Amino acid sequence: MTGKIRLGFVGCGAFVQNFIPLFKAHPYVEWVAVTDLIRERRDETAKKHGVTRVYDSFEDMLKDPEINAVGIFTQRQLHGPMTIAALKAGKNVYSAVPMASKVEEIHQIVDLVRETGLTFSMGETGHYRPCSVFCRNKMSSGEMGDFVYGAAQYHHDMRHFYKSYMRSGGADWKKVAGIPPTLYPTHSTGMLLSSIGSYAVKVSGFGFVDHHEDDIFGEGKNLWDNPFSNTTMIMRLKNGGTARANEFRRISWYGPQSYITSIYGTKASYEFSVTEHHYVRLEGMDAVHENVSKLLNPPEMEEHRGEEGFLNGVTNNKWCNTMAPVQNAGRLPAEFIDQRDGHGGTHKFMVDDFCKAAYTGKLSPTNAWVAARYNLPGLVAYQSALRDGEPLEVPDCGEPPANWEWLDLVDYSPEYL
Ligand SMILES: NC(=O)c1ccc[n+]([C@@H]2O[C@H](COP(=O)([O-])OP(=O)(O)OC[C@H]3O[C@@H](n4cnc5c(N)ncnc54)[C@H](O)[C@@H]3O)[C@@H](O)[C@H]2O)c1
């Protein structure tokens, strides 16, 4: 790309409010713009953040030759077609998750990125969660040996979602709230697959048929006629290991919401529960245990350990937005220091990845090929769940072109290596 990033945000709902300040602050960004179907929401957002341009529609935004990138923050089922339209219009794309909710859309996005050389970067928080950063480093260094089994989940009970679906869904909000959980699979798969360094070749999905009186799931109740509020994916991975990912939307649990329960290797393993992160290596016949909680929990949480109500605070999602020591804040631009973060201290990394990738033309860590591997198992798992868990092949888009250089970024805080 020549020159700095001039990025238009499509979708001025809740989530983007955390991202406009970050993009604006990034040294590779010249200016930002917004659009939303809801005019008042768009105008309020434009005023709140002081954006440079405001468009009446996404189509108008794409027609502006000075816009060279878009940030997609619309509802989850809309991302695929919008990314395709943006790439066809010659724009680099940052997309909130998921990448797309149809297999064909994912293939088309990968093809378009390959043909155009444009940046696509998916903002998957799971890629940068402290547990993922830790396990990825330990797995890729060889310290954990061969991967055997891993398990992760994104638990988000529907009662905590009502307000956010109502915000844009109006009277029809349940039609979108009933989206099959594994059409939004990347919080669990992103943590697992980025840690393990492999991808799913086969998946079985097992669905929980929902009978709750809020009437969100079931035939005729949502855009997909989806009956499942919870789905478990069992994945056979390319490296011969097995992984289990849960995407649950009806579950008696609140926080932590996205976490890896376990990654077992032949030489070392990681396990987690509520606030406790354990790492165990085998040395001869002996196990060497290390409690790595202080490395993987944010200091703002650790400083309350031992206080009355500490665990109740954690299970109510207190102290869950800032970085842990393991995350390499040092790779981020100085302009980010005073900016707010979110989702386990991951927002700044996702924005930095996109900006550095689009500006330099190098590949983001969550480029189209990686994003496809995080998304596709979930889309196939839904089909499998409709067939009572029949194992199905997961299509693969392969690797990025060998001559496309990756950004050289260190996620693990060098201080603790
Ligand atoms: N942890 C995470 O990664 C995380 C967390 C929250 C949200 N998200 C994702 O971020 C996205 C946005 O979430 P949200 O809670 O802000 O949603 P929201 O419903 O509050 O906002 C979406 C906005 O998009 C607008 N929109 C839809 N179609 C449009 C179009 N054609 N042109 C212009 N505007 C359009 C809507 O009017 C609405 O204002 C979702 O896809 C969600 O999955 C990710």
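**Ligand surroundings and salt bridges**

In this predicted model, a backbone N or O atom of F15 lies 2.8 Å from an oxygen atom of the ligand. Side chains take part in such contacts too: an N or O atom in the side chain of R41 is 2.7 Å from a ligand oxygen atom, and for the side chain of Y184 the corresponding distance is 3.4 Å. The protein covers 89% of the 860 Å² of accessible area that the ligand has on its own. Two elements, α4 (79-88) and α8 (162-169), give two or more residues each to the shell around the ligand.

Altogether, 24 residues surround the ligand, and F15, D36, R41, R167 and S168 are the closest of them. Sorted by class, this shell is made up of 11 nonpolar, nine polar and four charged residues. Domain 1 (5-118) gives residues to the shell, and domain 2 (126-328 + 368-395 + 402-416) does as well, so the ligand lies between the two domains.

Turning to the salt bridges, the model holds 25 of them. One of these joins the side chains of R39 and D56, with an N to O distance of 3.5 Å. Since R39 belongs to helix α2 (residues 39-49) and D56 to the loop between β3 (53-54) and α3 (58-63), this pair ties together parts that are 17 residues apart in sequence. Both partners are partly exposed: R39 has a relative accessible area of 44%, and D56 has a relative accessibility of 46%.

A second salt bridge brings together the side chains of K221 and D215, at 3.1 Å from N to O. Here too the partners are partly exposed, K221 at 31% relative accessibility and D215 with a relative accessible area of 40%.

R305 and E276 form a further salt bridge, in which the closest N and O atoms are 3.0 Å apart. This pair links distant parts of the chain, 29 residues apart, with R305 placed in the loop between α12 (299-302) and α13 (310-315) and E276 in strand β13 (residues 276-283). R305 is partly exposed at 30% relative accessibility; E276, with a relative accessible area of 24%, is also partly exposed. Salt bridges can also share partners, and in this way R39, R42, D43 and D56 are joined into one network. The R39 and D56 pair described above, with its 3.5 Å N to O distance, thus has both of its residues in that network.

Key: Residues numbered from 1 in each chain as written. Predicted model: local features only at pLDDT ≥ 70, side-chain atom pairs only at ≥ 80, totals over all residues. Heavy atoms only, no water. Salt bridge = Lys/Arg side-chain N within 4 Å of Asp/Glu carboxyl O. Helix = DSSP H or I, 4+ residues; strand = E, 2+ residues; numbered from the N terminus. Buried < 20%, exposed > 50% of the residue type's maximum accessible area, 1.4 Å probe, protein only. Near = heavy atom within 4 Å. Polar contact = N/O pair within 3.5 Å; in protein donor to acceptor, adjacent residues only side chain to side chain. Areas by Shrake-Rupley, 256 points an atom, 1.4 Å probe, with all protein chains shown as cover. Nonpolar A, V, L, I, M, F, W, Y, C, P; charged D, E, K, R; others polar. Domains from an automatic or database assignment.
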